[in-house]
Amino acid sequence: MLAVHLISFFFSKLQEDPTKKVDRFLHAMRLHDDQLIDISARFQAEMKKGLSAESSAAAAVKMLPTHVRSTPDGSEKGQFLALDLGGSKFKVLRVKVREGMGVRKGGVEMEEKIYPISKELLNGRAPELFDHVSESLKDFLHVKNISLEKKHPLAFTFSFPCEQTRLDKGLLLSWSKNCRARGLQGKDVVQALREAIDRTGGMDIEVLAMVNDTVATMMTCGFDDQYCDVGLIIGTGTNACYMEELRHVDLVEGDEGRMCVNTEWGGFGDDGALNDYITEFDQDVDATSINPGKQIFEKMVSGMYLGELVRLVVLKMTKLGQLFDGLVSDALMTKGKITTAHVAAMEEYKNGLKNTRDILVELGLNPSQDDCIAVQHVSTIVSFRSSNLVAAGLAAILTRIKQNRHLRALRITVGVDGTVYKTHPQYPKRLHKVVRRLLPECQVRFVLSDSGSSKGAALVTAVAQRLASRKRQVDETLAPFKLSQEQLQLVKATMRAGLEAGLKNKGPSAVKMLPSYVYHTPDGTERGKYLALDLGGTNFRAMLVKFKKGLQNNTRLYHKIYTVPLEIMQGTGEELFDHLAQYVSDFLDYMGMKKAHLPAGFTFSFPCEQTAIDTGILVSWTKGFKATDCEGHDVVNLLREAIKRRNEYDLDIVAVVNDTVGTMMSCAYEDPQCEVGLIAGTGSNACYMEELKNIEKIRQKKQKTEGDEETPEAVEDKQDDGSKGDKKAETSETSRMCINTEWGGLGDDGSLDDIITPFDAEVDHNSVNPGKQRFEKLTSGMYLGEIVREVLLDLTRGGLLFRGRVTETLKTPGIFQTKYLSQIESDRLALLQVRSILQHLGLDSTCDDSIIVKEVCGAVSRRAAELCGAGMAAVVDKIRENRGLDHLNVTVGVDGALYKLHPHFSGILQETTRVLAPQCNVTFLPSEEGSGKGAALITAVARQK
Ligand code: BG6
Ligand code: BG6
Ligand code: GLC
Ligand code: GLC
């Protein structure tokens, strides 16, 4: 019988694998992938809570903005002192950062000294703790022979949760880990340090930045790896930070670029979110900690608690008789007797079991081999759970980054530090494996911070210095684009003088003021079917317009758009007009109207000297056109001849019209107050209804036909003679003519030289018409992109953009079309999208680059809109004064891609006009159908005569 018992005893002993019993005992700590995915999802939800303005105050995961906006790019440099407080060791350091990216090109030199901090100080009064910190700093200066006279910038790694409003200001939210010095919670930590430094005296220290250890670690690793957008600490405490899109960080103003967010994930679970994963051992650890109920996740994960968790498990198993034959030792019952170092030793690859035995013997226990195996397994389960939980948290962060960036796969580097990660033999491998299993689509690299977090803290400080200096330099470059009210008033006055000079018939003037022979805006009686041809904007358009009997708003339009190739725009005149005749032929075919012999209006958006409504002698090409043998010729004739050459259809070209005039007419059909036309498109121009008596060319012509009966002065006297006010209004219908100002030429006489920047000069120099259309070259779509490109080139050459690399793309004229500027400046676009537009253009940009590019676009387009506003103020004020009115209500018909597509142009234009012409109430009415309808209306009037 005894033999049977003995056999079954031995058999059971033989059979019982000690790890199985531990597995059973600790099954709640063994987390499977589905549980990790669940925890990861919960953490994602917590991150959202922490970021949102409504829920952040009560959130367990605090998601603290750090005001660190970019990772290192190699341009950081300088010498810094650094303090590193909050990990297992307090250190003072000197960090020298040499410019250049990464270990090989640049470099960081560091000298450090560890200063012990007693438990009493950690648990005493904060001022005393900080006095110790600053005295250690002074000692360090002394030991390292660093001048006490000179001012030293200082970077401060402070590894506790702080609410930062700036890089150099942060309120301590709560202590964690092993510190609870009284009197600092809710106070500015940087200020406390400054005060302590003052108390110590004898040093000149400038505390430039305070960073959490996670942030500093990310920056340290980012120095060698530009994909490093996550920082992770698994040390005394645990925490992670990552680069979040600023638009998601509710607590910080602005939605451009990124900011590093310190998650403070140690607090995950403080609101009960992890209750179903918490074991009795976690509860015990928490209950006996210095901060019960707080840092629940940290207490399941970090070095300060792992040993204690193992101790509590082993103690409980022993008490239940499952270990050491139920014999408990005093040491085993004492808090802190098993440390993380023990855990690491027990899991060592070859010596693990031996180490376990030694540790247990040290604890006054008498372990069997099975006991050793079991305790080692306890340690494995506890540390494995820790790395699993970190993997779940990390998976949540990486998933969030991936979603933020709209990527299906992500390549990213995680910078890691902390004693657990560094000293536990299995930890890193396990962590990496689980993260990769949870996120198979992500290419995650883990980089161990080689030199602690101070290097990163110094880099943050250097970045802060660099960004401040870069911002200063960018601001300086853009300063000439920022026009003061006085400058804009001056532009208005210059434009006004230009308008007046152009109306006088004394030789060529910069602002040409061309009569259009359009005397009236439409009155709604126009009817019939007309062809409208439209050359000079982005495209050539052919259009059929039908006005129904006397009914306003009853117009029918059919149109087709044709792109004029550059070689045709810049070839011979004959080729150009043959092309137009061919487009018209195609359109008539399309409409089935080849035989119709329609009356046609020709919108020709270039300066033409007109002597009648159906003649227009091209003064000079503008915008990108330079076809030969056209300047000085009647463009109506050129078109008629081309049609004749085709000998295929017939057209009756009744009117030639500038696009501004066409646009004004088109809009006036809808709104009788419309007496001004504006184009802000490829080119820039305006027209308006001017008093006939002010148009000297017309007056002189009239006098000639009337046989020089009266002198010009006599005509003026007669018209001015007491006839202001009502009487004038009565005759206004017949006494005005629309003038195509051709304001684009303002400044061709040097009158705008004061506001013309070197970038504008370069754009002018490279254009097809240097020295001409200077105002247009500051204000229109064809040139804004080029100005932007010139500025970007300059900033890049100055090392302020694109890492100083001037690429072929950047050197390519015309890459920034108006549509791209409009997209880049759209408020609805996140910077990432700006970057992808730049990418599409062939420009590889960082986040900071794209902020600057957007700023440059903004400065250039704002100036354009303001200048147009100043021009418009001059025009409307002139109309008002012409009519002797204190107040004028007027509508401006507008067209052009810049006005219609740019997100801010129209708003700034209107605002500037309002401010500079306060006596005018100006309504801007976008033209619906382009100027073609206006040209048709003019044709209709001319035809009906
Ligand atoms: C160090 C950092 O490298 O890592 C510390 O310089 C940080 O600031 C620490 O707190 C985390 O590790 P541990 O294990 O010392 O808490
Ligand atoms: C269109 C007119 O509506 O606007 C064109 O019909 C004009 O004649 C154009 O030139 C201006 O816009 P953009 O942006 O094409 O130059
Ligand atoms: C604690 C601190 C946190 C720090 C982490 C790692 O969780 O609250 O700020 O980053 O420990 O040191
Ligand atoms: C150019 C032309 C002008 C036209 C304007 C807008 O400035 O010279 O005639 O109105 O562009 O298209």
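Is Glu-264 buried or exposed? In this predicted model, Glu-264 is buried, and its relative accessible area is 4%. The residue sits in a loop that runs between strand 11 (258–262) and helix 9 (280–287). Its backbone also deserves a look: phi of Glu-264 is near 50 degrees, a positive value in a residue other than glycine.

Glu-264 leads straight to ligand 3. The shell around ligand 3 holds 15 residues, of which Lys-177, Asn-212, Asp-213, Glu-264 and Glu-298 come nearest. Several polar side chains can be followed to the oxygen atoms of this ligand. A polar side-chain atom of Lys-177 is placed 2.8 Å from an oxygen atom of ligand 3, and the side chain of Asn-212 brings an N or O atom to 2.8 Å from an oxygen atom of the ligand. For Glu-298, the distance between a side-chain N or O atom and an oxygen atom of ligand 3 is 2.4 Å. On its own, ligand 3 has 300 Å² of accessible area, and the protein covers 99% of it. Helix 8 (213–222) and strand 10 (238–245) are the elements that give two or more residues to this shell. Sorted by class, the shell consists of three nonpolar, eight polar and four charged residues.

Attention now turns to ligand 4, which has 15 residues around it; Lys-623, Asn-658, Asp-659, Glu-742 and Glu-776 come nearest. Lys-623 belongs to the loop between strand 20 (615–618) and helix 21 (635–646). With a relative accessibility of 5%, Lys-623 counts as buried, and its phi is near 55 degrees, a positive value in a residue other than glycine. The polar contacts of ligand 4 include one from the backbone: an N or O atom of the Ser-684 main chain lies 3.4 Å from an oxygen atom of the ligand. The side chain of Asn-685 places a polar atom 2.9 Å from an oxygen atom of ligand 4, while for a polar side-chain atom of Glu-776 the distance is 2.3 Å. Ligand 4 has 300 Å² of accessible area when taken on its own, and 99% of this is covered by the protein.

Ligand 1 is surrounded by 14 residues, and those that come nearest are Asp-84, Ser-88, Thr-236, Asp-417 and Thr-419. A polar side-chain atom of Asp-84 is found 2.4 Å from an oxygen atom of ligand 1. The side chain of Thr-419 has an N or O atom 2.5 Å from an oxygen atom of this ligand, and for Ser-453 the corresponding distance is 2.9 Å. Taken alone, ligand 1 exposes 380 Å², of which the protein buries 94%. The shell by class comprises one nonpolar, 10 polar and three charged residues.

Away from the ligands, the nonpolar interior can be described. The largest nonpolar core has 99 residues, and the members that touch the most others are Leu-678, Trp-743, Phe-816, Val-856, Met-872, Phe-905 and Phe-924. Helix 31 (residues 847–882) supplies the largest share of this core, with 17 residues. Leaving aside residues up to four places away in sequence, the contacts of Leu-678 include Trp-743, Met-872 and Phe-924, along with Asn-685. Asn-685 has already appeared above, through its polar side-chain atom 2.9 Å from an oxygen atom of ligand 4. A second, separate core contains 83 residues, among them Met-47, Val-230, Phe-281 and Leu-315.

Technical notes: Residues numbered from 1 in each chain as written. Chains lettered and ligands numbered in written order. Predicted model: local features only at pLDDT ≥ 70, side-chain atom pairs only at ≥ 80, totals over all residues. Heavy atoms only, no water. Core = buried A, V, L, I, M, F, W, Y, C linked by side-chain atoms within 4.5 Å. Buried < 20%, exposed > 50% of the residue type's maximum accessible area, 1.4 Å probe, protein only. Helix = DSSP H or I, 4+ residues; strand = E, 2+ residues; numbered from the N terminus. Contact = heavy atoms within 4.5 Å. Near = heavy atom within 4 Å. Polar contact = N/O pair within 3.5 Å; in protein donor to acceptor, adjacent residues only side chain to side chain. Areas by Shrake-Rupley, 256 points an atom, 1.4 Å probe, with all protein chains shown as cover. Nonpolar A, V, L, I, M, F, W, Y, C, P; charged D, E, K, R; others polar.
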